[in-house]
Amino acid sequence: MHFKNVIVRRALLLSPLIVLLTVHPVVAVEKPAATLWAKDSLTSPNQPVAVEAKLTKSSLRAGIGMAGERLELVQDGKVVATSVTGEDGRAVFSHLAKMRGNTTLTIRTAESAHAVATTMTTMAAWERRMPILTVELSALFKQPAVQEPIADAAEELGKLTQYYYNVIYVVTEGAEHDDAFQASDRARQWLARHKFPLGYVLVLPPGEGMLGHKIDELRAGGWTTLKMGVGRTKPFAEAFLQRRLDAVMVPEPTKAETPRKAKVAKEWKEVRKKL
């Protein structure tokens, strides 16, 4: 009888706790959304490459970097590298490019991170003997302010890259390093949306001579097959011509905007004939 009374008393003591847990269940806290930005990377097959990303608290231009967050680099559904963001929200992954060509990688926050975000980036692993075609992104727009693609540009560029050229898309915007992440993402998304072939998106800060310096840097780094540029603006064409490299301007500019020795194409269907 005494044993039964003990069981009853314990049950009475536990009943308020049971009721409390029933009325107030444990609720999982949802992680806030953040924004991930990434730059494309360029290397050769079987060579290491550094992939850069930045995590911010918002998608605004002046987004605040999130420090101490673990990010994952994913290829074919598998995590191939991890990195932790610094004080400015930036992280760098070290990865070995085993496959030749252009590979789309995913960057995402890890489960242990305090926010949820994901983005895509392109890893260009090119053989150095393959020719490189450098294309000014604005040469693909009907009007730079509107950013609608020129008719046949995607199809024609697809033909050029399918069997022969690797392509570098040059974006001349982003005065500061932070802007380069966002400009790279915007360009990559625009190219994918309008079905342009995959390539390496290169963002340059504004300023006279920046493209020329980058051409010199790439060629000094072994990318000597970078010999041709297709662009819309006079400074773009001059950067190639000054180095005795070929330049094609499309759509056809005015005579005042056409440097001497620059080739001109009225539309993208004519570009292949000029190369």
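What follows is a short dialogue on reading burial and packing in a predicted model.

Colleague: Before turning to any one element, how many helices and strands are there in the chain, and what share of the residues is buried?

Modeller: In this predicted model the chain holds 6 helices and 14 strands, and 44% of its 275 residues are buried, where buried means under 20% relative accessible area. The chain exposes about 15,600 Å², of which carbon and sulfur atoms supply 55%.

Colleague: Which residues of helix α5 are buried, and where do they lie around the axis?

Modeller: One reads a helix by asking how its buried residues are spread around the axis. In α5, which runs over residues 234–241, the buried residues are F236, A237, A239 and F240. Because these residues cover an arc of only 155 degrees around the axis, they lie on the same side of α5.

Colleague: What do the buried residues of α5 pack against?

Modeller: Their partners are the strands β9 (132–136), β10 (166–171), β12 (226–231) and β13 (246–249), together with helix α4 (210–220).

Colleague: Taking T134 as a case, is this residue buried or exposed, and which residues is it in contact with?

Modeller: T134, which sits in strand β9, has a relative accessible area of 4% and is therefore buried. Once its neighbours within four places in sequence are set aside, T134 is in contact with I168, V170, L226, M228, G229, V230, F236 and F240; F236 and F240 are among the buried residues of α5.

Colleague: And how far apart in sequence are contacting residues across the chain?

Modeller: Of the contacts between residues at least 6 apart in sequence, 61% join residues at least 24 apart.

Definitions and conventions. Residues are numbered from 1 along each chain as its sequence is written. This is a predicted model: local features need pLDDT of at least 70, side-chain atom pairs count only at pLDDT 80 or more; totals for chains, interfaces and linings use all residues. Side-chain values use heavy atoms; hydrogens and water are left out. Buried means under 20% relative accessible area, exposed over 50%, partly exposed in between (1.4 Å probe, protein chains only). Helices (H or I, at least four residues) and strands (E, at least two) are DSSP runs, numbered from the N terminus. The arc is that of the directions from the helix axis to the C-beta atoms. Contact means heavy atoms within 4.5 Å. Accessible areas come from the Shrake-Rupley method with a 1.4 Å probe; for residues, only the protein chains shown count as cover.
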